Amino acid sequence: MTGSERREQLIEVARELFAEKGYTAASIEEVAQRGQVSKPVVYEHFGGKEGLYAVVVDREMRRLLDRIVSALSGGDPRELLRQAAEAFLGYIEENAGGFRVLVRDSPASGGSGMFSSLLGDIAGQVEHVLSREFDRRGVDGTLAALYSQALVGMVALTGQWWLDARHPDRDAVATHLVNLAWHGLSGLDQLDGDWFGYGSSGRPSLG
């Protein structure tokens, strides 16, 4: 193998190992053993376990984020929601190991490699879509951030459950998610824009 081919092989080996055992339980020794190389070869390419983990996580984060962003490229709001949900679930279905790496444990210094950071990036993309729709409806656009976090969190948590359940199928799960989200969002048409029926205190009105 060339150096670049060996590096790619070790990344794939590590991806499988981190998905199977998590960061803490995985070891450079196991990566080297599965890759049929010596430990110094792994250190030469990545500097250590944390460096290797960072490469694996960064690749999976970009893969998922690119997929979500591409799904948000066109269509009406309801179709965009469906495309985003299908993109997220499609990534899980086709890259189960990569998704397990993202949602498993990580180094204490994980920082930008944390799954929550990725969800924040995705929510930022969804926020732009919701802001346009809120503006069109004359609704307070400052709440787009709140709704984007809620929608992305709903899909992500459902995706973690579906990773193991795998029933119903991907299309059915996406349909149910969009149905729940859309009927909730469609209610915005009946709201007056005053914090969606909340008073200035931010608490629901009782009357």
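Which residues in α8 are buried? In this predicted model, the buried set in α8 is made up of Ala 144, Ser 148, Leu 151, Val 152, Val 155, Ala 156, Thr 158, Gly 159, Trp 162 and Leu 163. An α-helix has 3.6 residues a turn, so residues three or four places apart point the same way. That is a handy rule to keep in mind when reading along the list: Ser 148, Leu 151, Val 152, Val 155 and Ala 156 are among the buried residues, and so are Gly 159, Trp 162 and Leu 163.

The length of α8 can be checked too. With 22 residues at 1.5 Å a residue, α8 should span 32 Å, and its end C-alpha atoms turn out to be 31 Å apart, so the two values agree.

Stepping back to the whole protein chain, there are nine helices and zero strands. Read from the N terminus, the order of elements is simply α-α-α-α-α-α-α-α-α. The chain has 207 residues, and 38% of them count as buried. Contacts between parts of the chain that are well separated in sequence also show up in the numbers: among contacts with a separation of 6 or more, 66% are between residues 24 or more positions apart.

Next comes the packing of helices. Two packed helices are described by the angle between their axes and the distance between the axes. For α5 and α8, the axes come within 10 Å and cross at roughly 30 degrees. Angles under 35 degrees count as roughly parallel, so α5 is roughly parallel to α8. Their crossing is right-handed. On the α5 side, the residues that meet α8 are Leu 81, Ala 85, Phe 88, Leu 89, Ile 92 and Glu 93. On the α8 side, the partners are Leu 151, Val 155, Ala 156, Gly 159, Trp 162 and Leu 163, and these names also appear among the buried residues of α8.

Helix α5 has another partner in α7, which covers residues 115-137. Here the axes are 11 Å apart and the angle is about 165 degrees. Angles over 145 degrees count as roughly antiparallel, and α5 and α7 are therefore roughly antiparallel to each other. This crossing is right-handed as well. The α5 residues making the contact are Pro 77, Leu 80 and Phe 88, while α7 brings in Phe 115, Leu 119, Ile 122, Val 129 and Glu 133.

Phe 88 takes part in the contact with α8 and in the contact with α7, and its own list of contacts fits that picture. Leaving aside neighbours within four places in sequence, Phe 88 touches Leu 64, Ile 68, Phe 99, Phe 115, Leu 119, Ile 122, Val 155 and Ala 156. The largest nonpolar core has 60 residues, and the members touching the most others are Phe 18, Val 42, Phe 88 and Ile 122.

Buried spots also turn up elsewhere. Leu 17 sits in helix α1, residues 3-25, and is buried because its relative accessible area is 0%. Not counting residues up to four places away in sequence, Leu 17 touches Gly 22, Ala 26, Ser 27, Glu 30, Val 31 and Arg 34. One of these partners, Ser 27, is 10 residues from Leu 17 in sequence and 8.7 Å away in space, C-alpha to C-alpha. Asn 95, in contrast to Leu 17, is found in a loop, the one between α5 (77-94) and α6 (96-103). With a relative accessibility of 11%, Asn 95 still counts as buried. Its contacts, again without residues up to four places away, are Arg 15, Glu 60, Arg 63 and Arg 67.

Finally, a few spots have unusual backbone geometry. Most residues other than glycine have a negative phi, and most peptide bonds are trans. Gln 36, in the loop between α2 (28-35) and α3 (39-46), has a positive phi of about 55 degrees although it is not a glycine. Gln 36 counts as exposed because its relative accessibility is 72%. Just after α8, Arg 166 also takes a positive phi of about 55 degrees. Arg 166 lies in the loop between α8 and α9 and, at 34% relative accessibility, counts as partly exposed. Pro 168 is in the loop between α8 (144-165) and α9 (170-186) too, and the peptide bond leading to Pro 168 from His 167 is cis, with omega near 5 degrees.

How values were computed
Residues numbered from 1 in each chain as written. Predicted model: local features only at pLDDT ≥ 70, side-chain atom pairs only at ≥ 80, totals over all residues. Heavy atoms only, no water. Helix = DSSP H or I, 4+ residues; strand = E, 2+ residues; numbered from the N terminus. Buried < 20%, exposed > 50% of the residue type's maximum accessible area, 1.4 Å probe, protein only. Core = buried A, V, L, I, M, F, W, Y, C linked by side-chain atoms within 4.5 Å. Contact = heavy atoms within 4.5 Å. Expected span 1.5 Å × (residues − 1). Axes fitted to C-alpha atoms, helices over the stretch in contact; angles between N-to-C directions. Parallel < 35°, antiparallel > 145°, perpendicular 65-115°, else oblique. Left-handed = near helix turned anticlockwise from the far one by under 90°.
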